[in-house]
Each structure stands twice: as structure tokens, then as C-alpha cells.
Amino acid sequence: MSTLRHALGLRLSVWYAAIFTISTVALVAVTYALLASSLAQRDHDIIRATLREYASRYEIGGLPALSRAVELEERTGDQERLFVRVLGVGAEAVFVRDPQSWGRYAVEDLGNGDSALSETIGHDRRAVLEVASARLFDGTILQVGKTNEIRLALLRRFELIVGIVSVVALTVGITGGLVLTRSTVQPIYELIDVVQNIITTGRTDTHVTVREPQGDAVHQLSAQFNAMLDRITALLSAMGESLDNVAHDLRTPIARLRAIASKALESGNPDQQREALADCLEEADRILSMVNTLMDISEAEAGVLALRREPVPLRELLGEVVELYEDVAESKRVSVSLDEGGDVTVPGARDRLRQVFANLLDNAIKYTPEGGSVRIGVAHADDSAVVSVADTGTGIAPQHLPRIWERLYRADPSRSERGLGLGLSLVKAYVIAHGGTVEARSEPARGSTFIVRLPAVSTM
């Protein structure tokens, strides 16, 4: 884990340093190119301006006027000394003025009439004498030149500055990269620690510290990771409770199966053994029903439950369910009524919806005392069909109401009633699979109301 941290931090530091250094050097290189171009253009402008000025003096006063202008320029020292040469008609030099130190330039290689700038390289192979020429009115050629030594000296100083800046930029980039890396990847380090702790201990109740700012990607990653851990913890807790409930509910039928079989084997009576087999078959069916129901709930919650959808008139379906439980309600002396009103059609699997309302009605009758009543209503609200099943039974305590939809959850008072503890879980799973919702409202000793909302068939 420490190796992973080191590699991650080093890689990010190198990236930060590389980006910062490259950006700085690129900026300096562009500045260098612009400076070199500007200095060269300045020298060329000086050469051309001086050439025009000396040509004008020559046209006015001839060679003496040109000589006086050059001498005056040298005495004033307003600018760097220039190379000046006048070539006669026969290409002989009739006037030459150049600094003594310029003898290392091969001035004899210069052109003699091209108005464009020409160059001659000094003997040190570095400095260059740049010369512009102009043919005057009497056929003579005037040449004015300037070396780039001062320009090279300035650029060499700038190159030294560039080197220093590059070293400083690299140092700052590495240092800043380390600082930024530490602050940026610290939440990732904490995330790695949490993951390692979960792998080592198996505990999912730890969380990553969420830091500001809340809009960055690392914050979102930490928040999503914490949400995932909460979800996993809740699922593990629910699985543990479900396993406890399964163990509790299966213990009795399995123990009964064993007792019946053991007693029948000890008796040796064929009639008793036949009766025991029948009891064993009944208990096996009960266990199989529980397993099948759990599988249906899992498929519905996973979104893979097969639904053969068709238009289902709810009033007709509810009438079938009421007729099915008519005898059960009579035996308990509980009245069941279906409210009058219009019909609503929903798209769905008829058998699955019948099981939804059968489970709700079965629960209502089961927990309604003798002399009580159950009322079923159907209504159309907006684009939904609303079915309500209200009873005058014992009701549900507030602490149990949020958990009645959990698999195999049965409040203690309900454990005296025969059942699997899966009915309401199946109801919720089937309703959600149809794109609907279900909710429960209840008050102890005043009854409960279950409300199912399903998408209705459009009447357009």
C-alpha cells in the first residue's frame, strides 16, 4: 500500500513539474524569439534610415558633404558606429569609414548594388556585418552596415537568464508538484486506507472524510463511496435479519417434518405412516411456497420478473378476489365490501395483480377481529389507478410500520398468526415491477389502510 502511495504521489509530482516547467520554458522561448526578431528589425531600420540620410547628403553636397555627416555622427556618438563605404564607377573604394576592430570582416565579399541587406561573416564565425547598398544618381554605390555583436551580447545575457529561469521553474515545479500532490491525493490516500481496512477487517461501517470544496471530483468520489458503504451495510444488515427470520420460520416446519416422520417410523402402523406422509407433504409444500415466494421477490426487485402484460379492469379483478375470500370472511364474521364507482383499467400481469390484492385482503381479514369490516375502493387520479384496502383491525404499531415491507419481517404480535411473513414484501415487489407504488397508514386499535397506485391505461 505504501508503494502504491509513493508511486501515485511521484507520478503526479512529475506531471505537475513537467507541465509547469514546459509552460514556463515555452513562454520564455517565445519571449526570446520575439526579442531576437525585435532587435534584428531595429538594426535593419537603423541601417536603412542611415543609408537614406547619407544618400540625401551626397546628392546635396557630394562626397565632402557625406564625409562631414559621417564625422559629425562619430563625434556626437548618438548611436553605434557604422560601416560606410562609397564605390566609384569602376567599383573602386573612394570613401571608407569603419571601426578599426572591424578588420576581421571580409568586406570584399559584399555585393555592389543590391538594395537588399547582405551579410558578411566575421573571422570568429559568430558575428555578422549586415550591409545595405544603394546606387546614387551619378552611378556611385553607397553602402552602410552594422554588426550584430551588441545584439548577440544581449541575447547571450537573455539566454543566461533563460537558463536560470528554467532551473528555478523546474525547482518550483517539483516543489509545487509535491505540495499540490499531497493536498490533492490525500483524500485518495484516505480512500485507500478505508478500502484496506475493509479488506482486512470485513467491516463496512467506516467512512472516508469528505473535505471541501464540495464540487470537485475527489469530493464526489468520497461521497459516492460513503453512500455505497452505507448501502452495503444496510444490505448486509437486512440479509442478516432475513437469515434470522428464515431460520426462525423454517425451524418449526422442519422440526415438525422430523417429528412426524420419526413418530410414523416408530409406530409401524401403515395407516399412521400414510397420515404422516400426508402431513409431511403439507409441510414440504409450505417450505416450497416460502422458497418460491422469496425467488419471486428477488426477481421482481432485480427487474427480471416475467410479466405478461394485458389490459386488466381492476373492478372485475377485485370482484374475483372478494369472491375468493368470501368464505374466509364469513367464518371470521368479517364483512368485506367493494365500493361502488367507475372502473379503471391498468396494463399488467393479471395473475400477479390478483396475488397483490389477495395478499392485502387476506391480511386485512386475518388481523380484523370478529364483527369488523374491510372496505375496498377503486378510483382514478390523474394518470393512475388507486386501490385502497381499509380494515377495522388491530392496526400496526408505529415502530413496526416502516418495516412491514421487509422480507420475513413479522412483528411479535403477528407471530401467533399462521403465515410466511412474505406477503407484504411480495406485494411491494410486484407493484414496483408494474411501475406503481404502495403505502400503508395505520393506527393501533383503529385499523389499517393500504393504498396501491398503478399506471392506468390512457383514455385518449
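This briefing covers a sheet and its packing helices, the nonpolar cores, the aromatic pairs and some backbone features. The model is predicted. A five-stranded open sheet has the strand order 7-9-10-12-11. The largest nonpolar core has 48 residues, and a second, separate core has 16. There are two aromatic pairs.

**Sheet**

- The five strands of the open sheet run in the order 7-9-10-12-11, with mixed pairing. Strand 7 (335-338) and strand 11 (437-443) are at the edges with a single partner strand each, so one side of each has no neighbour in the sheet. From one strand to the next, the twist averages 15°.
- Strand 11 pairs with strand 12 (residues 447-455) through seven bridges, in the antiparallel sense. Within this pairing, Glu439 has Ile451 of strand 12 as its bridge partner.

**Helices on the sheet**

- Helix 5 (residues 314-324) packs on the sheet and touches strand 7, strand 9 (373-381) and strand 10 (384-391). The direction of helix 5 makes about 170° with that of strand 9.
- Helix 7 (residues 350-366) also packs on the sheet, where it touches strand 7, strand 9, strand 10 and strand 12. Its direction makes about 170° with that of strand 12.

**Nonpolar cores**

- In the core of 48 residues, those with the most contacts inside it are Phe357, Leu360, Leu361, Trp405 and Phe450.
- At least two residues of this core come from each of helix 4 (270-302), helix 5, helix 7, strand 9, strand 10, helix 8, strand 11 and strand 12. Helix 7 supplies the largest share, eight residues.
- Apart from its neighbours within four places in sequence, Phe357 contacts Leu314, Leu317, Leu318, Val321, Val387, Val452 and Leu454.
- The second core, separate from the largest one, has 16 residues, among them Tyr54, Ala55, Phe95 and Leu142.

**Helix 8**

- Helix 8 (residues 423-433) has Leu424, Ser425, Leu426, Val427, Ala429, Tyr430 and Val431 as its buried residues.
- Gly435, just after helix 8, has a positive phi of about 85°.

**Aromatic pairs**

- The count of aromatic pairs is two. In one of them, the ring centres of Tyr58 and Phe137 are 6.1 Å apart and the planes stand at 55°, so the pair is tilted.
- Tyr58 belongs to helix 1 (residues 2-76) and Phe137 to the loop between strand 4 (128-135) and strand 5 (141-147), so this pair ties together parts 79 residues apart in sequence.
- Tyr58 is buried at 8% relative accessible area, whereas Phe137 is exposed at 58% relative accessibility.
- Trp405 and Phe450 make an edge-to-face pair, with 6.0 Å from centre to centre and 85° between the planes.
- Trp405 sits in the loop between strand 10 and helix 8, and Phe450 in strand 12, so the pair ties together parts 45 residues apart in sequence.
- Trp405 is buried, with a relative accessibility of 14%, and Phe450 is buried with a relative accessible area of 6%.

**Thr140 and its surroundings**

- Thr140 is in the loop between strand 4 and strand 5. Its relative accessible area is 7%, so Thr140 counts as buried.
- A polar contact of 2.7 Å links the side chains of Thr140 and Asp138.
- Outside its neighbours within four places in sequence, Thr140 is in contact with Tyr58, Val86, Leu87, Gly88, Ala134 and Arg135.

**Positive phi outside glycine**

- Most residues other than glycine have a negative phi.
- Arg333 is not a glycine, yet has a positive phi of about 55°. Arg333 lies in the loop between helix 6 (326-331) and strand 7, and is exposed at 59% relative accessibility.
- Asp382 has a positive phi near 55° and is likewise a residue other than glycine. Asp382 lies in the loop between strand 9 and strand 10, and is exposed at 71% relative accessibility.

Methods:
Residues are numbered from 1 along each chain as its sequence is written. This is a predicted model: local features need pLDDT of at least 70, side-chain atom pairs count only at pLDDT 80 or more; totals for chains, interfaces and linings use all residues. Side-chain values use heavy atoms; hydrogens and water are left out. Two strands pair if DSSP finds at least two bridges between them. Helices (H or I, at least four residues) and strands (E, at least two) are DSSP runs, numbered from the N terminus. Axes are lines fitted to C-alpha atoms, for helices over the stretch in contact, and angles run from 0 to 180 degrees between N-to-C directions. Contact means heavy atoms within 4.5 Å. Buried means under 20% relative accessible area, exposed over 50%, partly exposed in between (1.4 Å probe, protein chains only). Rings of Phe, Tyr and Trp (its six-membered ring) pair if their centres lie within 6.5 Å; planes under 30 degrees apart count as stacked, over 60 as edge-to-face and the rest as tilted. A polar contact is a pair of N or O atoms within 3.5 Å; within protein, one must be able to donate a hydrogen and the other to accept it, and residues adjacent in sequence count only if both atoms are side-chain atoms. A nonpolar core is a set of buried Ala, Val, Leu, Ile, Met, Phe, Trp, Tyr and Cys residues joined through side-chain atoms within 4.5 Å.
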